[in-house]
Structure formats: C-alpha cells, structure tokens
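Trainee: I would like a close look at one part of this model, namely the way its helices pack, followed by whatever helps to place that part in the wider chain. Please take your time over it.

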Amino acid sequence: MAVSGYTRRQALQAAAGAAGLAATGVWSKPGLAAATADITGKLVAWDWSDAPSVPGVEAQAEFYTKYFPGMYKDLKFSSTIFGYTDLLPKLTVAWRASNQPDLARTAIQWSQQFVGTDQCATITEEELGIPFKEFLPGALLSVRKNGAGEGPLYGIPTNNEVMFLLYNKAIFTKAGLDPNKPPTTWDELAAFSKTIHDKTGSYGYGMCAQQNQGNTPYRFMPMAWAYGGAIFDELLPHPTWRNIGIGNDGVVAALALYNKMFNIDKSVQPSAMSDNQTNVQTLFLDGKVAMCIDHPSFPQQVQQLKPDLDMGGALLPTGPVRRAVVLGGSNFHIRKTTTNKPAALALMKAYLAPYWNARLGTGAGSEGSTEISRASDEQKLLSKDLPFNDLVFDMLPFGVNVPLVTQGAQIWNNTIPGMIQQVLSGRSTPKEAAAAAASQVQQMMAT
Amino acid sequence: MTEQVGAASARAVWRERLAGIPYVLPAVLVIVAVMSYPFAYSIYLSFQGTPSYTTETHFTGLANYAVVLHDSVFLHSLITTVTWTIGCTIVDIVFGMGAAIIVNGLRWFRGPIRAALMLPYIVGYVIASYAWLWLYQAEYGLLNQVLTSWNIISEPVSLLSSLTWALPAVMLVNIWKTMPFAMIMFLAGLQAIPEQTVMAAELDGASPMRIFFEIKLPYLRRVLVITSTLLTFQNFNTFTIPYIMTSGGPLNETEIVSNYIYNLAFTNLNFGGAAAASVIVMIGLMAFAVVYVGSLSRRQPGVV
Amino acid sequence: MVGYLLFALVPFGWMLTASLEPQTSPYREHLSYLPSPLTFSNYTALIRADPIANTDFPTYFVNSLIVVICTVILALLVAVPAAYGFSRYRFFGKDVVLYGVMLQSLLPLVNFLIPLYIMLEHFDLLDTYAALIIGYLTFSLPLNIWILKSFFDGIPTDMEMSARLDGASAFRAFLEIAIPPAVPGIVATAIFTFILAWDEYLYALTMISTADMRTLPLGIFAYFSEGAPNWSALMATAIAMSVPVVVVFLVLQKYFLAALTKGALKY
C-alpha cells in the first residue's frame, strides 16, 4: 500500500510542528487556526473517506486522531470515518432519531436532505470566523435551504471539486489519434470513441450507467448541460428550483448521443448499464477503456497502481451551448439539536484553516473550499505532486449545482439513471424517456 | 367421589394448561419487548404522510397504501420477487433433493463432500454476493474468461447489465447459497427412512425410480413441507444479494421488494410509503402462510 | 456429483486465486486459474490494524466472535424451552402466540431500522455488543423455535410420561429426558444461528457507529468506497471471514446430521 512520498514524510513533519503550535494557540504559522482555550464537553464527528489507496487519506486520519484532539485536551472527542456508501443511510437514521453525531461531513448532493428538512443548525460568519465570500457561490447555494440564493447557511463547504476527462495516451496513439489532442467537444468524444474501438481492441469511452447510483448523472449531466439541457433552472445565476427543464431538447440530444455511442457505434463497454465508477476505473487501469470522466483523486490512484500508464487529461468537452461540469465537494453540517455547538465550530475552524483545508481537500482529491486555501503556499506545494491539478482549477468556474431540493437524491440517483437506461436498453426513444422523466419529476415536486 | 375426581382432574387440567407458560415465556417476552414498538411504529407510520422536506409527519389515512399500490415499480418488484421466490425455491428443492440422494448413496468421502457442498450456505450472503460479483465481472470474471477462451462467445458479455439475464444471474447466486440448506434437510430425511421398507421393495424387484417416488417420497413429505416453507420465506425476504450486486438494476429488473422498500425509505425519504409497502408485504405473506401451510397440514395431520 | 461439486466450489477457487495475488494482478488479459504472482501479503495485512485503510480485521473478528457466541448461547437458552413448551403443552392462545412468533420473521428488516435505533438509543445501547446480541437473538427466534419444535414433536413422550409417573417434576423430565435426544437438533439450531449472526450486515450497519465496535460484514464493506476497489484484499478478507464458520460446521456436522436424522424426522 504505497503512499506518495510527500504525504508521508512531510505530513509527519507538519503534524509534529502543527501539534506544537496548536498547543500554544498562535496564528503565527500561516495556515493554522488558533485554539480556543475553553472548549470542553463531548463531541462526536462523522466523516467519510475514499478507498485506501488514495493518498491523503493519511491526512484525514492524522487530523482526526492527532491534530484536533491535541488542540483541545479537555474535549472528549470521538470520530468515525465511514465508507462513502455507509455514511448516508447511517446519518439519515441517526439524525432522525436526533442522535449523534454532532457534526458530519456529507457529500454535496446529500446536503439538501438534511438542510431542507430542518435538521441542521445555522452558522453565521461571526461564529465561523471566516468570511463567507471565501467560498464558491455554487457551494454556498448547496447549504442554504432549498438552494436559495440568499439566507442563512446551514452548513459550510469543506472542499470542492469537479471532474475532468482522463485518457490513455498509448491507446490514442495506437488508434492513430494524436495523443496530445484530446476531444474538445462531446461529438468529437463520440467520434474518437468510435475510432478507438474500430482500430484497437479497446473501448473508447467508459460509461457509467448503473441504476440507483450517483456516479451516473455526474457524467451525464455535463453533457446534457452542454447541449442546453437542464433538470431545473440550475444554469441560471439565481435558480429557483421550480421550473422543470428535464424534458427539453438539450437532454434529448444528450440521450441521443449516449444511444449512438452505446447502441449504434458500440464503442462503449457493454457492461455500462451495470457499471458504476469503480468498474470503469478498473477497466481504465487495465487499458480496456481509453477515456473516462472521473474525480481528481483517480489519477493519483492510477499513478500508484499503474505507474506506466501514460495518462492525458483535458477539460470536459464543450457542447453547442456551453461547457459544464457538476460542482462536487462536501459540506460540514452541525446537528440542530447538538449540545456542543462551540466544539463543533472549533472543529470546523481547524479543518477550514488554509493549511488543513488544502491538505484535506487535495487529499480527498479535490480542492479546499476557501479562496485562501486554494491560493496558499500549502496548496501550491501539494499541487506540484498531483497530476492534472491545474485542470481541476480551470474547470471549477464551469461548475453547476446538483438539484438542491430534498427530492434531489431521488431525482439524481433514480430518475436520471432510469431515463438513461430506458434509452440504452432500447425501451424508449430519447424523447420519450426525457418526457417520462419530466413527468416523474413534476409528480415528485408536487408533493 | 366422582365430583372430587372431577374437581381434581379439572384442576389438573388447569395446572397443565398453565404449566407450559413458563417455558414459552422468555421467548415471548423477548419478542414482545424488542419488536412491539417497531411493529406498532411501522403500522402507525404507514398511515402518516412523510414528505421529504420535513421530518414531521401528518395523518394521511390510506394515502400511502394507494400510492404504493399504484406504483408500477412496486408492482414490478412484487412480480420480480414472486418469480425469484418460486424459481429459487423450486430449483433449491429439486437440486437439493438430487444432491441429497447422491450424497446418501456415497460410500467414500461422504463427510468431506457433504462439507464442501455446504460451504456456500455457511459463508453467508455478503461473501456470496462479492464472490459472484467478481465471477460475473465482464472483463475479468471467470465466466467470461471461460466463455471467450472456449470460443462460445466472441465478446465478453455482462450478464448483470442485460435486461433478460440479470435476474436469472442473480437468482443463480441465491440458489447457490440456499440449495445446501435444502440438501441437508433432505439428506437427513432420507437417512431417517427405515431401511427395512426400502430393502423389501428392492428385493421385490422395484426399480430405483419407483422406489423413490412411491416409497421414499411419502416419508419425505414432512421435510418437504418444512423446508419449502422455510425456504419460501427466507427467499422472499432476501435483501443483500441484489443490493450488493446490482442495486436493483438494470431498469429495476433485479429489484425485489426488500430493495424497493429500502430505496423508498432511504433515497426517496418516504418512510411512510416504505412502512405501507411493508405492511402490504406482510399481509400477503401471512395470507400465503395460512393458505399454504393450512392446506398441507390438512392432508397430513401433525405436520406443523 | 462432479457437477454439484464444481458448482459449489468454483467460486471459492476463484476467490482464493484473487486473494493470493497483489492488487493489480486480477486485472488480467488471459485466463489463469493459478495465482500469479503468488503472494500472501493480503493475508498478512489482515493481521494488523490499518488506520489509514480504515480496516482492522483482528478487532472486527473479535467483535463478531463475541456477539455471535453470546447470541447463540442466549438463543438456545430461550428457544429450547419455548419449543418444548409449544410442543408439549396446550395453553390459552397457544396457536396465536405461535403464529405471532413466526409472524415476526415475515417482515423485512428495513422497516424496523429506525424504531429499533430509537429504542436502543433510548436505553443507551447503541454501539454496544448488547444491541447486536438482542437484535440477532430476536431475529433468530422464529427459525429456531420452528425447527426445535419439529424436533420435539418427533420425540415420543413415553419416556417423559414414565418419568413423571415415577415422581419427577415436569421440569426435570424436560431437562433429563427430553433434551438428550434433542441435542443434535439443538446443535443444528446453534449452527443456523451462528451463520445468521455472523453474516448480518444491515442491522449492524445501523446500530454500530464507531470503528472499533464493527463486526466483520461491516469491515468488508469498507473496501467499497469511491475509488477502484482492492479485489484481492477484499477476497482475502472474505475468505478469512469464512474460516471460523466453516470450522464450527466441520466440527459439529456429525451432530448436525445425526440430529436431523434421529430427531424430528423420525418416522
């Protein structure tokens, strides 16, 4: 289980230094938060982590087991790190029973489930000690009730990321394509995919189309948005989450392109309908698939597991209307009925200080959530070791929100993959599938 | 005299009637203590509306039931579940019986072979799911590697993506896991058949098939009833296999009722609907149990 | 027979092969039944806790063991008398109670997660062995009572009757006359309960939130997060997780079979 050299060596150094400084409570070392002396009581925090081979998971373990407890010796602190799929059902049950944890980090597409149902405490700028303008506007939308443009915040973004296009240069060369010229539009991507499949034995594009799976729309929606489609009005600067756009032409066009790649060109792996992102990653690692869209953390894994795979990265392709990508990331939420809000805030402050925000953000394969952390020296240092980090920064402005309503999970995990599968399996035409999805969403929003 | 005896025996009967209670009490207490609140809560919740935008509930009467019964996904999952249950149970019984007969007839290595055949049941659902997931894997799984290297198919096939093959594929995993249970029950049944009867028939010159169907099978009736009932209920309520292997896809083809209820509760946040669906399932199973077990025990008294 | 054996064992063979290889080997072009290159590192990794990977096989193993052994013991203590009671005695509402007990096994567990959670939380039992033991005990009772009752039904009552006539109390008759022939049946129920509790995932997931109280099924799920899963390590853990159950079964299988044979199915 090799971990990149930087993380281990420098992490240990930093931890030693940080713990010492934290104890003195001095802000002198740039990037660390000052310890508030009077934090006592009990605090339970839940977090989630990526699969073990992602470097920087060490940073997380270190933060929760050494650094933060070291900062506040009088605090009875306990934290649990879950797998990504375990955390959501557990948190749902726990908070509906008004039980711990006091503080939880959730993926951005889960936030509205808790924010919209009034289970989170509000957080003000004074309490947090960090000006809200530091955060991305899209990220802030995700922690306001029902994705409103203004109003109190019910959570704080911890890190943000976007996906980008990853491709295998060797396969490109084998197929006669220029390895330094990745596809720039979605149509080009489909064409390249066909060429690759025809000329080599590999599949061109690795598609995720599994049902009941959040990965699937993460790859589909950028295409839909690029063609001018939308779920609601999330592309507007002030989305209302009322106008349903899912039946429109952009979505239909995207579905048609998916259909072309999967059914007509057959340039996509045949198991797409039961593949989620981990399956596609496996295929990419073994050179069976030439292109895939994935999180920034994946290239780090590739480097570890298959160092001789020559990777190329590119911004997500554009469409006729725009270039877009899902704004991903995570948010911290404090339980509304918590008894130790000061401690929870202290944890957030420590987590969000530029030094840790950069390390933990990049460690999770994304970026820190604050402008300060993204501009910090720490970030610059980390970025040097991380493949394609600059691409992520470049893609951030194109981020578009997931549906920020409480029915969001159902729409994201159920409706959209269902729509895609209807088309891929040949049961419906793109137009029919999109119309069916639109009426489903309408029904959902009516309750 | 008779009155005294009458009174004494009446008291004796009364005491007899009460005597059984302490034996049964711990079990009943445990179940009542643990399950009565959840049970009551579920029934209560099934009559409550649980909109996704709040944690409060309000009384909506039978609305949840109506919504669930009109949901094509629910109905589809019911059909899938019934197919799953009947298919798996029948195959379990048939092949379990076959295995039992063969094992019963073995002279050597009976112990180890029996143990080996029991392995799938012993290791549990979680491991079964992952083992077969790995096996069915489109590009690296054993199935595809064998099929392509023997040139049966030219390109790897992904069973779990196919609308027609996903359900049978997942059912196969369940069968793999539960068949040993049937086997072991039948094996025990076979070994309990009195030797003399069988030997007498053999001496009379009856063929093995006739011996099986006319001599052995009637003895096995009781085991058949018990096993098939247990298997039916266990198969109906499976959750883990589709959850881990396909998440219910593709296009709900492998979504059985327990997955549907889980999604309804945790993705759609419709806890009231999930409760209603559970109650519907429970009523259905109860009806089935009463009819099925009742009819069978009528034919042979004392079975249950 | 060969067909049966192949069907049963091939998946295990495949798992074993994957578990004996390093992480990237399973992604292979060609068919190969034997591990290449052979490595035991997946197994040796299990012996130590790995805070980075968030896995801790020894702890999970011990937790599972404690929970399951307690569950089995309690289940037997409760189910055996209950089955005997249902088999031998008639009392008010017996059928109702019997079916009520069975009813509980008809319902999907998913529905009860939240109320059970609330109950356990109220008594401060979350994240404890007790929570799991209570749950598994309750879930296993219907099956256990059903099987044991069939056993007792198949054991003739003459011996107990004569003991009673000789002056023994009903309870002594139960203990010393009825139980011994039923021992194999008791063993069978113990095995079924062991298997049920060892493998249970959903309930444990809901009630256990701290890493060091996790049981084995929860530990396996930790391998599936956002990144490419480590199939080799997963298979190694799965195999290691199966070992105790298989051992228990092998040791007890004589009793198990004898039980079923001589017990309820006696004609």
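Trainee: What is the handedness of the crossing of α9(A) and α10(A)?

Mentor: That crossing is right-handed (the near helix is turned clockwise from the far one by less than a right angle; anticlockwise would be left-handed). This is a predicted model, in which local features need pLDDT of at least 70 and side-chain atom pairs count only at pLDDT 80 or more, while totals for chains, interfaces and linings use all residues. Residues are numbered from 1 along each chain as its sequence is written, and chains are lettered from A and ligands numbered from 1 in the order in which they are written.

Helix α9 (residues 215–226) and helix α10 (residues 249–264) of chain A have axes that come within 8 Å and cross at roughly 125° (axes are fitted to C-alpha atoms, for helices over the stretch in contact, and angles run from 0 to 180 degrees between N-to-C directions; helices are DSSP runs of H or I with at least four residues, strands runs of E with at least two). α9(A) and α10(A) are therefore oblique to each other, the class left over once angles under 35 degrees are called roughly parallel, over 145 roughly antiparallel and 65 to 115 roughly perpendicular. From α9(A) the contact takes Phe220(A), Met223(A) and Ala224(A), and from α10(A) it takes Gly250(A), Val251(A), Ala254(A) and Leu257(A) (contact means C-beta atoms, placed from the backbone, within 7 Å). By class these residues are 6 nonpolar, 1 polar and no charged (Ala, Val, Leu, Ile, Met, Phe, Trp, Tyr, Cys and Pro are nonpolar, Asp, Glu, Lys and Arg charged, and the others, including Gly, polar).

α10(A) also packs against helix α19 (residues 430–446) of chain A, at an angle of about 130° and with the axes 9 Å apart, which makes α10(A) oblique to α19(A). The crossing of α10(A) and α19(A) is right-handed. Here α10(A) contributes Val251(A), Val252(A), Leu255(A), Ala256(A) and Asn259(A), while α19(A) contributes Pro430(A), Lys431(A), Ala433(A) and Ala434(A), so that Val251(A) of α10(A) takes part in the contact with α9(A) as well as in the contact with α19(A). The residues joining α10(A) and α19(A) comprise 7 nonpolar, 1 polar and 1 charged.

Turning to strands, chain A has an open sheet of 4 strands in the order β6-β7-β5-β8, with mixed pairing (two strands pair if DSSP finds at least two bridges between them). β6 (203–205) and β8 (311–314) of chain A are at the edges with a single partner strand each, so one side of each lacks a neighbour in the sheet. On average, neighbouring strands here are turned by 25° against each other, direction ignored. Strand β5 (residues 164–168) of chain A pairs with β8(A) in the antiparallel sense over 4 bridges, and Leu166(A) stands opposite Gly313(A) in β8(A).

As for the wider chain, chain A is divided into domain 1 (5–161 + 328–400) and domain 2 (164–326 + 407–446), with bounds from an automatic or database domain assignment. The centres of the two domains, taken over C-alpha atoms, are separated by 29 Å, and their contact takes 26 residues from domain 1 and 28 residues from domain 2. On the domain 1 side, α17(A) gives the most, with 4 residues.

Definitions and conventions
Contact = placed C-beta atoms within 7 Å.
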